[in-house]
Amino acid sequence: MKAVILDAASLGPDVDLAPLREQLDDLVVHERSTTHEARERLAAAEVAIVNKVVLDAETLEALPSLKLICVLATGTNNIDMAAARRLGIAVKNVTGYGTASVAQHTLMLLLVLANRLPLYQRDVAEGRWGESPFFCLMDHRTLQLEGKHLAIVGQGELGSRVAQLAEAFGMRVTFTARPGNEAHDDRPGLAELASEVDAISLHCPLNEATHHLVDADLLARLKPGALLVNCARGGIIDEEAALAALREERLGGLAVDVLPEEPPRDGHPLIDALNDPLNLIVTPHNAWITPEARQNVVALTADNLREWARGQ
């Protein structure tokens, strides 16, 4: 079984690919590939192993030997799934590989916002602590998480782990109804909860029901000091509306690990706003990147290869 990895560099230089080699007769590793290069590099391969390289219908139609695509991630939006089904090419992804890593990052963002760290770090850097008439600075009102109400959108493995960590800080956690299915869900919808929660954490997929789930209307319902964390997908919040709410002090803090376009080669208003005195954090889609999580991607992909081979 011959396999080709198209973008091994996306896993980092310290990941051990040995579990994959154990399942394959031949493994060719490319650090990076374009869609155009992928067609040539996969010409004789039975298995494509890919993270973010786009494999569109035209590319898949040009690869008669291809039988399996292993995606080194949960999302498969870079694969033309309809074309793969039509051509009889199996597609396997990995899930749950970074639960601990992303949950840790989510709580880090929540804690940093609650303690207004972006604002206090700016104050210290600008010398304001040294100018204080007292031993400390207390210009920015912080939020004690104990006893506060956190709404989580997404009650899967990741959302549930975030809930456990938040509860360890004494927070009260409510899982919201699945967006788009509120009428058939016993849990309260996010819009219903908006006026009473102190923080929102998003852990749901991006689809028609969740696109701009947190929009200007929902932001207007929030408490002025509410915190908003998005470690799911860019576009689930209306980023520009959220930034406006933050500037107008209708939102207490905003942290995102994701943007609608990644990487943001043309910039983004949230990145520009990092120069301003706001309780704002933007991290570069790196909630998942602990070494343990990245190595787990390889292990789960090896499992996918083993299972698929057994069925042949």
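This report walks through the fold, strands, loops and one pocket of a predicted model.

## Overall build

The protein chain holds twelve helices and eleven strands. Its C-alpha atoms fill a box of roughly 70 × 50 × 35 Å along the principal axes. Of the 312 residues in the chain, 47% are buried.

## Strands β3, β4 and β5

Strand β4 covers residues 68–71. Both of its faces are covered. Leu68 and Cys70 sit on one side, Ile69 and Val71 on the other, and all four are buried.

β4 has a parallel partner in strand β3 (residues 47–50), with four bridges between them. Val47 has Leu68 of β4 as its bridge partner. β4 also pairs with β5, again in the parallel sense, over three bridges. Here Leu68 stands opposite Ala90 in β5. Leu68 therefore appears in both pairings, facing Val47 and Ala90, and it counts as buried because its relative accessible area is under 20%. Helix α4 (residues 81–87) joins with β4 and β5 in a right-handed β-α-β unit.

## Strands β9, β10 and β11

Strand β10 spans residues 253–256. Gly253 and Ala255 point one way from the strand. Leu254 and Val256 point the other way. All of these residues are buried.

Strand β9 (residues 227–230) pairs with β10 in the parallel sense over four bridges. Within that pairing, Val229 stands opposite Ala255. To get from β9 to β10, the chain passes through helix α10 (residues 239–247). This β-α-β crossover is right-handed. β10 also pairs with β11, in the parallel sense and over three bridges. Ala255 stands opposite Ile281 in β11.

Strand β6 (residues 149–153) contains Leu150. Leu150 has 0% relative accessibility, so this residue counts as buried. A gap of 14 Å separates the C-alpha atoms of Leu150 and Gly253, which are 103 residues apart along the chain.

## An aromatic pair across the sequence

The count of aromatic pairs comes to one. Its members are Tyr97 and Trp288, with ring centres 6.3 Å apart. Their planes stand at 90°, so the pair is edge-to-face; the cut-off for that class is over 60 degrees.

Tyr97 lies in the loop between β5 (90–92) and α5 (99–114). Trp288 lies in the loop between β11 (280–282) and α12 (291–310). The pair therefore ties together parts that are 191 residues apart in sequence. Both Tyr97 and Trp288 are buried.

A second long-range relation involves Gly12 and Pro291. They are 279 residues apart along the chain, yet their C-alpha atoms are separated by 8.7 Å. Gly12 is in the loop between β1 (2–5) and α1 (18–21). Gly12 has 23% relative accessibility, so this residue counts as partly exposed.

## The second largest pocket

The second largest pocket has a volume of about 290 Å³. Its lining consists of 13 residues. Arg116, Leu119, Glu249, Leu251 and Gly252 lie nearest the centre. By class, the lining divides into six nonpolar, four polar and three charged residues.

Two of these lining residues also have notable backbone angles. Arg116 has phi near 55°, a positive value in a residue other than glycine. Glu249 has phi near 60°, also positive in a residue other than glycine. Arg116 is in the loop between α5 and α6 (117–125). Glu249 is in the loop between α10 and β10.

Their exposure contrasts. Arg116 has a relative accessible area of 11%, so this residue is buried. Glu249 has a relative accessible area of 62%, so this residue is exposed.

## A cis peptide bond

Glu262 and Pro263 are joined by a cis peptide bond. Omega is about -5° at this bond. Pro263 belongs to the loop between β10 and α11 (269–272).

Notes: Residues are numbered from 1 along each chain as its sequence is written. This is a predicted model: local features need pLDDT of at least 70, side-chain atom pairs count only at pLDDT 80 or more; totals for chains, interfaces and linings use all residues. Side-chain values use heavy atoms; hydrogens and water are left out. On a 1 Å grid over the protein atoms alone, a cavity is a set of points where a 1.4 Å probe fits but cannot get out, and a pocket is an open set with protein on both sides within 12 Å along at least five of seven lines; lining residues have an atom within 4 Å of a point. Grid points are joined across faces, edges and corners, and a volume is the space filled by probe spheres set on the points. Ala, Val, Leu, Ile, Met, Phe, Trp, Tyr, Cys and Pro count as nonpolar, Asp, Glu, Lys and Arg as charged, and the others, Gly among them, as polar. Rings of Phe, Tyr and Trp (its six-membered ring) pair if their centres lie within 6.5 Å; planes under 30 degrees apart count as stacked, over 60 as edge-to-face and the rest as tilted. Helices (H or I, at least four residues) and strands (E, at least two) are DSSP runs, numbered from the N terminus. Buried means under 20% relative accessible area, exposed over 50%, partly exposed in between (1.4 Å probe, protein chains only). Two strands pair if DSSP finds at least two bridges between them. A crossover is right-handed if, with the strands pointing away from the viewer, the path from the first strand over the helix to the second runs clockwise.
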